[in-house]
Each structure stands twice: as C-alpha cells, then as structure tokens.
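Biologist: Pick one part of this predicted model and walk me through it slowly. Start with a single loop residue, then work outwards to whatever sits around it.

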Amino acid sequence: MTQHHTHPFRLAVFAGLCSLFALPTMAQYYDYDDGDDNDYAYGETNSYRNHLNYSDYDTKKCFKNIRLGANTSSVTNTGTMEIGYDASIAFIFPMKKAYFMTEAGLSMRRCDYADLEDFDHHPSLGIFRDVHFDAVGHNVKVRPVQFGALLFVAPAFFDIHAGCFASYDYYSKTILERWSSFKPEYDTLPDLNRLDYGINVGIGMYIGRFNMDFTYEHGFADFFKSYTSKTNQTTFRFGLLF
C-alpha cells in the first residue's frame, strides 16, 4: 500500500508561501453598502491597489512612510562623490491620484577633498599647493513641501514628486588626509556652512506597503562659506508604509 505522505507537507509549504506574499498587501477596510459591486464588505482585506488608489486611499487621511537608505554627495568645484546615509519619516496626505507629503529625518553630506590653492593660498609661497581633506556634516533635514502624482502600472504604483528641503548640520568636522601638504603657516581650512536649502525631484514605486524611492537634491547654499560650492545629493531609500 503506497501513501503520499508528502502531500500535507507540500500543501503547508504552499500555504505558507502564499501567506508570506499576501502579508504586504493586506489592509483592513470598513465601508457601507451603497449598491456598488466594487464595494468591500466589513473586515474584508484589500489588495495593494485598493489600499493605495481606491477605497482606503480615498478615505484614509494620512499615511506614514518610514524610509532608510544611502545617498551620494558631491560639491561643485571640489572632489568626488562620497557615500552617506538618509533616514526619515514621511507623512503622506492623499488627494485622489496625487498626494501632498511632508518629511523629516537625519542625513549626511560630505566633500571628499579640495585643493586649497583655489581657496586660501599664501601668495608668497610660489609653489604648487596640494591640500586634501574630508569634510563631513551630519544634519537634521526637513522636506516640508512635496507634491506627487501616482500612476498604476501592474503590479505597482509609480510616482513622481518634487518639492523643497532645508538642513542644518548639528555636527560637522574636517579631517586632513595623510598625503595632504597642508602647512598652518601658509594654509587655512575653509569654514563649513552648516545651513543648506534647495529643491528636490524624485521618482518612486509602491508595491503593497513597500516603497522604493530615488531623489535628487540641489542645494542653494554654499558648502563652504567663502567659496562657491553647492551640494548635490542623490538618495536611494526603502520605505515601509503604514
């Protein structure tokens, strides 16, 4: 007598996988019956499409999005791009197929090196000066006004958004590189400007409660107080919507 003992195990694995993939898309919905076949009954779960675009999206006043990721910073007229971090919480207020978003968190901006011959070079030295340093600013960043539009392309929502930002470095430091030819009697390190502000534009994708976002930011304030040095950042983040 032959029995297929593996069937219950396979069914359990299959059910577990289905549950795993269903978890991100589950959202509770409560509504009345107005005769529309598209309405959902009390306690019935929605797919991510209904959660973001239809009933829940229209009735929920505010979504929260916790985002964590990395950024690359560059400063005009100075060295190369460097990697930093970005962490924030965003409050999203739906408006049909668009939204208003405000956001606050912590971020980092960084300048890899600079040649002080372009900054503050002693004119009587008469030789090439090659001074390298690493300037880092850890800041509180707010993105107070951002507007976005949503486009559904199965199986995800894509969005494009634009707005503004402001940041203030609560901690900053300048570290000379080992190969720097800096000499205190001739050279002076430039002062860092702790305040920055500017505009941003980005694209994102929502799948269920998960979000991926790519944002570019251009600062209007100078990274160094005495030199034209605008900060440019590109940020890639993963988010969890709730």
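Modeller: Let's go with leucine 189, which lies in the loop between strand 5 and strand 6. Its relative accessible area comes to 27%, so leucine 189 counts as partly exposed: that class runs from 20% to 50%. Now look back along the chain to leucine 176. That residue is 13 positions away in sequence, and the two C-alpha atoms are 9.4 Å apart. Leucine 176 is also where strand 5 ends, since that strand covers residues 156-176.

Next, the strands on either side of the loop. Strand 5 pairs with strand 6, residues 195-207, in the antiparallel sense, and 12 bridges hold the pairing. To find your way on screen, take serine 167: its bridge partner in strand 6 is aspartate 196.

Go to the start of strand 5 and you'll meet another loop, the one between strand 4 (133-153) and strand 5, where proline 155 has its place. The peptide bond between alanine 154 and proline 155 is cis, with omega at about 5°.

At the other end of strand 6 comes a hairpin. Strand 6 and strand 7 have 2 residues between them, and glycine 208, in that turn, takes a positive phi of about 60°. Strand 7 spans residues 210-222 and runs antiparallel to strand 6, with 10 bridges between them. A handy marker here is isoleucine 199, whose bridge partner in strand 7 is histidine 218.

If you'd like something to set beside that, look further towards the N terminus. Strand 2 and strand 3 also make a hairpin with 2 residues between the strands, and there lysine 96 has a positive phi near 55°. These two strands are antiparallel and joined by 10 bridges, strand 3 being residues 98-111. In that pairing, aspartate 86 stands opposite serine 107. Strand 2 has a partner in strand 1 (residues 63-75) too: they run antiparallel, with 11 bridges, and isoleucine 66 sits opposite isoleucine 89.

Have a look at the side chains while you're on strand 2, residues 82-95, as they alternate between two faces. One face is buried and includes Glu82, Asp86, Ser88 and Ile92. Among those pointing to the other face, and not buried, are Ile83, Tyr85, Ile89 and Phe91. That puts the two markers from before on opposite faces: Asp86 on the buried one, Ile89 on the one that isn't.

Conventions:
Residues are numbered from 1 along each chain as its sequence is written. This is a predicted model: local features need pLDDT of at least 70, side-chain atom pairs count only at pLDDT 80 or more; totals for chains, interfaces and linings use all residues. Side-chain values use heavy atoms; hydrogens and water are left out. Buried means under 20% relative accessible area, exposed over 50%, partly exposed in between (1.4 Å probe, protein chains only). Helices (H or I, at least four residues) and strands (E, at least two) are DSSP runs, numbered from the N terminus. Two strands pair if DSSP finds at least two bridges between them.
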